[in-house]
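Q: I would like a close look at a single part of this protein, namely how its strands pair, and then at the side chains that go with it. Please take it slowly and in connected prose.

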Amino acid sequence: MIFMRAARLGRDASPSHARGALRLHLGASLGACAIALAATPAVAQQDTSAAPTTATATATAVDTAPQSTSDVPTPDGSDIIVTASKTGAERLNRVPQAIQAFTGATLKERNVRDGADLIQLIPGASQAQEIGAGYRIFSFRGSGAGGPIGDGLVGYYLDDTPFGVPNNQSAPPVNYFDLDRVEVLRGPQGTLYGQGSAAGTIIYHTKNPDLRRVTEAGEAEVSTTNDASKINYRAAAAFSLPLITDTLGLRISGGYDYKAGIADIYAGAPTGTPRARNANDVVAKDLQAVLLWKPDALTTVRLRGWYFSTDQNYLNVTNSVDPPYAAYQGDVVGYDRRRALYFSGTVTRDIGKVTLTNATSYQKSLPGGFQVGLNLGAPLGIGVLNNGGDAKNFVNEFRVATAGSGPFHGVAGVFYQNATGLYTFDINFPALALSGNTVTKTENYAIFSEVSYQLFGGKLVPLVGLRYFNDHRKSDSLSNGTRVFSNANPDAVTWRANLAYYPDQDLMVFFNAGTGFRSGILQSKAQADAVIADGVPSALSLTPDRLRNLEIGSKATLFGGGLRLAVSLYDIRYTNIQSAFNTSIGLAAFANLGDGYSRGLDVEATWRTPAKGLVLSVVGNVNDSKFSRVLPAFGTANPRIGDGQRLLNTPPFNWRGDVTYDRDIGGYDLFATGSVTAIGRSRNGDATVDTLDPYQLYRASVGVRFDRYEVRLFADNISDYRGPTAANGPTLLAGPRPRTVGLTVRLNSN
């Protein structure tokens with residue numbers, strides 16, 4: 001994955017030392033909105049007691065992952081086994097926190113192909129920013145209020161280790177074809193997942209090899225998209241081979257995805273004949289291998305290697321979404337390119353009543369980035385922005401967890417990360433030229449633990465957790481020959497407390513409280529001095545922002561398992577929110593804007609109706625999210641951020657309803673699906689596009705399964721809604737892909 005460095009422009013051309021939206025304080029709205037784009041960087045054990053299953057199921061859940069989910073979706077998620085607690089396997093509906101899990105089969109059933117699709121299934125989640133096909137930033141429960149700057153607030157884990165480096169918020173462009181399941185934890189995960197997971201965590205679990213038999217799976221798809229002159233096509237396949245029966249196995253999978261371009265490109269004004277038609281096409285590739293070794297009954301070794309690339313001509317953001325076109329591009333051939341290598345290894349060993357786990361990963365983001373032509377108006381004119389870089393990241397986590405059936409359960413561990421990111425920028429306009437690079441290094445460690453104890457036969461389970469985090473961070477930036485150094489040494493203690501009550505097998509009530517933490521952004525002395533001169537406290541390193549979450553929830557199974565409900569009511573307080581700041585001298589910098597809150601209600605429901613084969617489900621969120629205490633000088637500089645105003649990038653609601661019908665007729669499994677997603681009006685991060693209108697997206701599919709085969713006809717964005725659903729300014733707009741109709745053929749695993 002390429003992590004793009006934020007270039008900051010100002011009258012003194014001082015460099016910035018953190019990612020975020022590129023701002024230029026020129027007073028011209030067109031210039032401001034265009035610069036905003038430039039800144040954006042780069043089965044398991046059954047539960048037979050009232051309490052959750054214990055850590056003894058850990059090895060079973062890991063070792064039999066290929067069999068833990070079927071290629072045919074189940075009617076509800078109550079039987080999904082999750083391991084997010086790191087203390088063993090648990091049934092989803094018995095986990096006492098706001099957590100979702102989706103099997104690989106369910107993701108396919110709902111046509112989830114990337115993070116933008118997945119985010120529609122998560123209550124309180126939204127897309128905060130989009131640039132190209134491989135670069136999207138998501139937020140949970142108001143975490144996007146400060147904009148796409150600094151470290152991530154939503155953590156992304158690939159199996160046991162995190163993806164990404166500090167000062168980057170982009171989600172990994174995972175191929176969803178060969179996933180066993182995805183687990184989504186909403187709310188701060190400061191104890192088990194630490195820095196980078198202040199607002200929540202998404203864990204992608206890839207499939208294991210089958211140690212007993214040869215298996216294969218595949219799919220091919222063709223489709224047409226409105227405004228595209230070419231056909232979309234994609235293919236993916238997986239092959240699993242037991243090298244030594246019950247001991248050693250290898251699984252190889254990969255995919256190729258071509259999305260035809262939809263945007264016309266104009267050299268100047270959008271009149272006459274375009275310079276190129278339907279030009280922003282995308283090619284995504286990935287290849288991964290998983291080696292699973294079980295030398296004995298107590299030891300498991302899992303090695304994984306993954307390579308991906310995403311290449312897009314031009315960008316997703318355009319001057320217009322209906323019709324889609326990019327204007328004032330001159331002779332610039334825009335692009336968005338991202339490539340990465342990711343290697344991980346996990347060793348698990350059962351020793352008596354404990355399980356030892358060591359997880360290691362190394363991520364190498366290869367050189368890439370984006371390029372775009374921009375019209376900034378007078379006095380800058382038309383020019384080009386190039387933003388790129390590369391990165392590397394080493395992570396190791398060692399932990400010990402209890403095993404066995406006793407009332408005490410716990411996990412403790414140590415975490416270490418060493419990461420370096422190089423970010424480059426080159427801005428070339430008739431009245432402005434700026435180029436440079438920034439190297440950011442971080443070396444951090446953490447010590448963490450969570451423990452719980454079952455009282456009254458497992459009906460009441462209290463849990464407490466702590467994590468200590470210490471970070472050594474340095475930045476070395478060069479801009480037009482001027483070099484600036486900065487460093488910081490933030491540390492923090494985060495905690496979690498949970499109380500779960502299990503009155504019977506079909507009901508669970510929980511109270512959860514916890515905190516999150518994010519290291520402060522590094523910036524130059526010139527930037528810090530300019531902010532301070534405007535009356536707003538600042539420094540070379542911003543004050544870390546924190547959050548506190550209080551949550552009460554319940555999960556219930558009714559009518560003999562036919563209806564499954566989960567609700568949670570939360571109150572989140574954000575403190576010292578980090579944000580970009582346009583100073584009075586025109587220099588773009590950073591400051592802590594103040595505090596905010598997000599109060600909301602999450603709902604999940606699945607109903608297996610009396611009509612055979614008909615299942616209805618809904619997920620949704622409503623919230624009240626506002627700035628509560630904004631520094632007066634900050635509010636004066638940016639009147640859109642003030643006490644009582646709604647948080648940026650936070651829709652007041654998001655809902656999704658799904659209907660599935662599945663019926664076996666004469667040995668053929670006939671099925672149909674449909675969904676509607678509704679997103680509320682949100683305040684946009686860019687002032688020139690103040691709000692994004694509410695919208696709805698519709699999907700449907702129909703098909704048949706027989707033996708191992710599946711044929712599906714689908715339609716996405718049936719109403720052909722164009723947006724915008726994200727905006728960096730009035731000429732840098734992004735929306736959902738126009739109406740797409742296609743055919744998918746699958747060979748399911750044997």
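How many bridges join β3 to strand β8, and in which sense do the two run?

A: In this predicted model, β3 and strand β8, which spans residues 179-186, run antiparallel and are joined by five bridges. Within that pairing, Q100 stands opposite V184 in β8. The two strands belong to an open sheet of five strands, ordered β3-β8-β9-β6-β7, in which the pairing is mixed. At its edges lie β3 (99-103) and β7 (161-162), each of which pairs on one side only.

Another set of pairings is found further along the chain. Strand β29 (residues 588-608) and strand β30 (residues 614-630) pair in the antiparallel sense over 15 bridges, and V603 stands opposite G620 in β30. The hairpin of β29 and β30 has five residues between the strands, and G613 takes a positive phi near 85 degrees there. Strand β30 is also joined to strand β31 (residues 653-665) by nine bridges, again in the antiparallel sense, with V615 standing opposite T660 in β31.

Turning to the side chains, the largest nonpolar core holds 47 residues, of which L118, F140, I202, Y204 and F627 touch the most other members. The strand that gives the most to this core is β28 (residues 563-582), with five residues. Apart from it lies another core, of 20 residues, which includes L385, L432, L434 and A734. As a general background, nonpolar side chains in soluble globular proteins tend to be buried together.

Aromatic rings add a further layer to the picture, as 17 aromatic pairs are found in the whole structure. One of them is the stacked pair of Y233 and Y256, with 6.2 Å from centre to centre and 10 degrees between the planes. This pair links distant parts of the chain, since Y233 lies in strand β11 (residues 232-244) and Y256 in strand β12 (residues 248-259), 23 residues apart. Y233 is partly exposed, at a relative accessible area of 39%, and Y256 also counts as partly exposed, at 33% relative accessibility. The pair of Y266 and Y325 is edge-to-face, because the ring centres are 5.8 Å apart and the planes stand at 85 degrees. Here Y266, in the loop between β13 (264-265) and β14 (282-296), is linked to Y325 in strand β17 (residues 324-326), 59 residues apart, and Y266 counts as buried at 11% relative accessibility.

Charged side chains also meet rings: K86 lies over the face of Y193, at 4.4 Å from the ring centre, while R141 lies over the face of Y570, at 4.0 Å from the ring centre.

How values were computed. Residues numbered from 1 in each chain as written. Predicted model: local features only at pLDDT ≥ 70, side-chain atom pairs only at ≥ 80, totals over all residues. Heavy atoms only, no water. Core = buried A, V, L, I, M, F, W, Y, C linked by side-chain atoms within 4.5 Å. Buried < 20%, exposed > 50% of the residue type's maximum accessible area, 1.4 Å probe, protein only. Helix = DSSP H or I, 4+ residues; strand = E, 2+ residues; numbered from the N terminus. Pairing = 2+ DSSP bridges. Phe/Tyr/Trp six-rings, centres within 6.5 Å; stacked < 30°, edge-to-face > 60°. Lys NZ or Arg CZ within 6 Å of the ring centre and 35° of its normal.
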